[in-house]
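Biologist: Before I use this model at the bench, I should like to understand the reasoning behind its description. May we go through it step by step?

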Protein chains: 2
Amino acid sequence: MSELRRDPIVGRWVIVSSERGGRPTDFEPATPRPPDAFCPFCAGNEDKTPPEIRAIRDPASQPDTGGWKIRVVSNKFPALNIEGELNKRARGIYDIMSGIGAHEVFIETPEHDRTISTLPPDHVRDLMWMYRERLRDLEKDRRLKFILIFRNSGQSAGASLRHPHSQLIATPTIPKRILEELDGVRRYIDFKDRCVFCDMVDEEHTFKQRVVCENEHFISFTPFAARFPFEMWILPKEHQPCFKSIKDDQLEPLAAVLQETIKRLDKSLDFPPYNYVIHTSPVNSEINYNYHWHFEIIPRLTHVAGFEWGTGFYINPTPPERAAEFLREVEL
Amino acid sequence: MSELRRDPIVGRWVIVSSERGGRPTDFEPATPRPPDAFCPFCAGNEDKTPPEIRAIRDPASQPDTGGWKIRVVSNKFPALNIEGELNKRARGIYDIMSGIGAHEVFIETPEHDRTISTLPPDHVRDLMWMYRERLRDLEKDRRLKFILIFRNSGQSAGASLRHPHSQLIATPTIPKRILEELDGVRRYIDFKDRCVFCDMVDEEHTFKQRVVCENEHFISFTPFAARFPFEMWILPKEHQPCFKSIKDDQLEPLAAVLQETIKRLDKSLDFPPYNYVIHTSPVNSEINYNYHWHFEIIPRLTHVAGFEWGTGFYINPTPPERAAEFLREVEL
C-alpha cells in the first residue's frame, strides 16, 4: 500500500509507493522493449489485464474478450488503490495520508500500431466520450478530490508500453498545480472581473500568431509563456469549468482539434515523445465556476535540468510564435 | 537577446531564448559526444572560453592562461545577458521583461576526468568558497533579484560537456519555486513560531532514519516527502538565511558533507546523472531572516511523465528511509 506524504515547506504531496521497487539496482538503464515483445493491450490478450471497468464493445460480446473498440481497466501496478479507508495522520513533525485513489488505463484501440494521429476521427471522439464517462462515474466517490486524465506517448515521455493508451489518476487531495491555477484564476477575476482563460482565447483568436488550428468550439495554440518548445494548449472557446460538462455535440469538434494538433506535431517533429494532460475543476468540493478546463500538450524535446528544478523558471529555446508557424505550415 | 514572459495564470516566468535555436530539426536525438572530443574547459584551452571573471590560480600566472585550480567564465550561450536595461512592459494582455541577468560557468578543475567525489577535499572547499565569492559580487547589481547556483552532471541531467563544472544564473525576478518556499516558511512561523527547516534538522538528527551523513555544522538526509528516489538535502544545522553568510570555518565542513553525500550516491548507483541546486534567500530585497539555505540533490533515475507535469504531485518508488539505508551502508 502506498502512502501520501506532504512536503512541510511548500505543501506538495508525494506518493511514496514502495511496491513499485526501489533498490539501487532497479534503476539500471532500461533496455528498450523489443518491438515484437508480448503486448497485454493487444486484441486477444484481454485476459492478461485486470478486469474491464468499462468498454465500448460489440453488444453481443462478453467483457474481457474480443469485439471491443476502447477498454478501460485498472492499472496493474497502481500508484493509488481504490480499496481501503482514507486515513490522515501525523508522523513526527510530518503529515501523511493513506494512498487511496484510482489509477486506470484507457486502452485506446485493439491495434498496436495506431496513434492518435492515425485513428479514425470517430474513434478519437469515442475516446473523449470515454474520458467524460470515467470522470462522471468516479466523482461519485466522495473520498476523491481531483481526477487527472493524461497520456504518456513514447519511452522518454514515461510510456512503458507502445500500444496506444492513456491513463487516469484520482487523488484524495487537490494537487498543488491545480490549487495554483485556481488561485491564479481567482486573483485575475478579483482584478479584472474576467476569466483569464477566456481572455487568452480571445487574444489568440484575434491575433492568430500562435494559433495551431481551431473550429467553432475549440482552439489550439502555443501559449505565450510556453515552458517547452512546441507546447500547445487546447481550450473550449466558451467558458466551461469541467471536462465532464462537455456536451455531446462538442465531442466531435474536440476530437477534430485534438487530432489535428497531434497530427501537426507528429508531422513537424516525426512522432516525438509527448505528454498531454487535461486540467479540469476539482471534484467533491464546491464547484469552481471560475475555472476553465483545457488540454496541455508537452512534447519532450529538451532536458529539464538544474535551473528548472531549482527555480520553476523554464528556458524555452523556441519562441511559441515560431513553433505555431512551423506547425501551421506542415502539410497534413 | 532573450526575453522573460509571464504565464498569466500561475505567474511563472519563462526565458524565451531564440538565439539558442528552435527549428524542428534542432530537436533530432543528440548523438553522445565522443569521449575524445575537443573540450574547451580543459587545461591549455583557456582561450576557447569567454574571458575569466574570477579564478583561483598561481599568483605568478596570467588570466586566461594555465596555472589555475578553478575558473569562472561567462556562459558562451547565455540564457540571460548582463548588458542592457531592464524593461518591463505589456504585450497584448501578457507581461514581458527584457532578458537581463547573469549566466556563469564554474570550471571546477583543469582535469577532465575528475568528479566531485574524486577531487581532493580542499579543492571542494575552494569551490564552495568560489560559490560564495560570486554570490557576494553579483548581489551588488541592483537589477538582480535571485541567484541560483546549480550543477548538471551527466547527459540526461542536462550537461552538454562532461568536464566537471557547475553554473550560476541570476534572474531579475524572484522565481516561483523560491516564492513558494518563502511563503511556506512564513506560514510555518505564523503557526508555530519556529523555522520549518530547523525543525527538520532537529527531527532528522534525532531519529537518524533518513540521515546520510553529518558533522558538527551540516546534515545530509533524504527528505521525508522526497520527490525522487535517492533525493537528498544538505542543511546547515544552525539557522542561516543566505549561503553568502557562510563563515570561513564552515566551508571545510560543508565540503566534507557534500563530498561524502555525492560519494555515497556515486557508489550506490554507479555515478548516476544528477542535479544539485543551492536554495538561498533572494538578493536586493528585504533580507528574509526566516529563510534557511540548503542544497537539494536530485538523482535523475526515473522519467517525469504526464501525471507529474499535470499535477505537481510526484510518485517516488523508493521510500526515503530505504534510500538512506542503502546510502549509509555503501563502503567508501
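Biologist: Which residues in helix 3 of chain A are buried, and what makes a residue buried?

Modeller: In this predicted model, Val196(A), Phe197(A), Met200(A), Val201(A) and Glu204(A) of helix 3 are buried. The term requires 20 or more other C-beta atoms within 10 Å of the residue's own.

Biologist: How do you know that they are on the same side of helix 3 of chain A?

Modeller: Around the axis they cover an arc of only 145°, which puts them on the same side of helix 3 of chain A. What covers them includes helix 2 (176-192) and strands 10 (211-214), 11 (218-221), 12 (232-236) and 14 (294-299) of chain A.

Biologist: What span should helix 3 of chain A have, and what does the model give?

Modeller: At 1.5 Å a residue, the 12 residues, 196-207, should span 16 Å; the end C-alpha atoms are 16 Å apart, so the two values agree. Just after this helix, Lys208(A) takes a positive phi of about 65°.

Biologist: Why are the two copies said to be related as by a two-fold rotation axis?

Modeller: A turn of 180° with a shift of 0.0 Å along the axis lays chain A on chain B with an RMSD of 0.0 Å. The copies are therefore related as by a two-fold rotation axis. In chain A, the C-alpha of Val304(A) is the nearest to that axis, at 4.8 Å.

Biologist: What makes strand 15 of chain A and strand 2 of chain B a pair?

Modeller: Pairing needs at least two bridges; 3 bridges join these strands, which run parallel. In one of them, Tyr314(A) has Val14(B) as its bridge partner.

Conventions. Residues numbered from 1 in each chain as written. Chains lettered and ligands numbered in written order. Predicted model: local features only at pLDDT ≥ 70, side-chain atom pairs only at ≥ 80, totals over all residues. Helix = DSSP H or I, 4+ residues; strand = E, 2+ residues; numbered from the N terminus. Expected span 1.5 Å × (residues − 1). Buried ≥ 20, exposed ≤ 12 C-beta atoms within 10 Å, placed from the backbone. Arc of directions from axis to C-beta. Contact = placed C-beta atoms within 7 Å. Least-squares fit on C-alpha atoms with pLDDT ≥ 70 in both.
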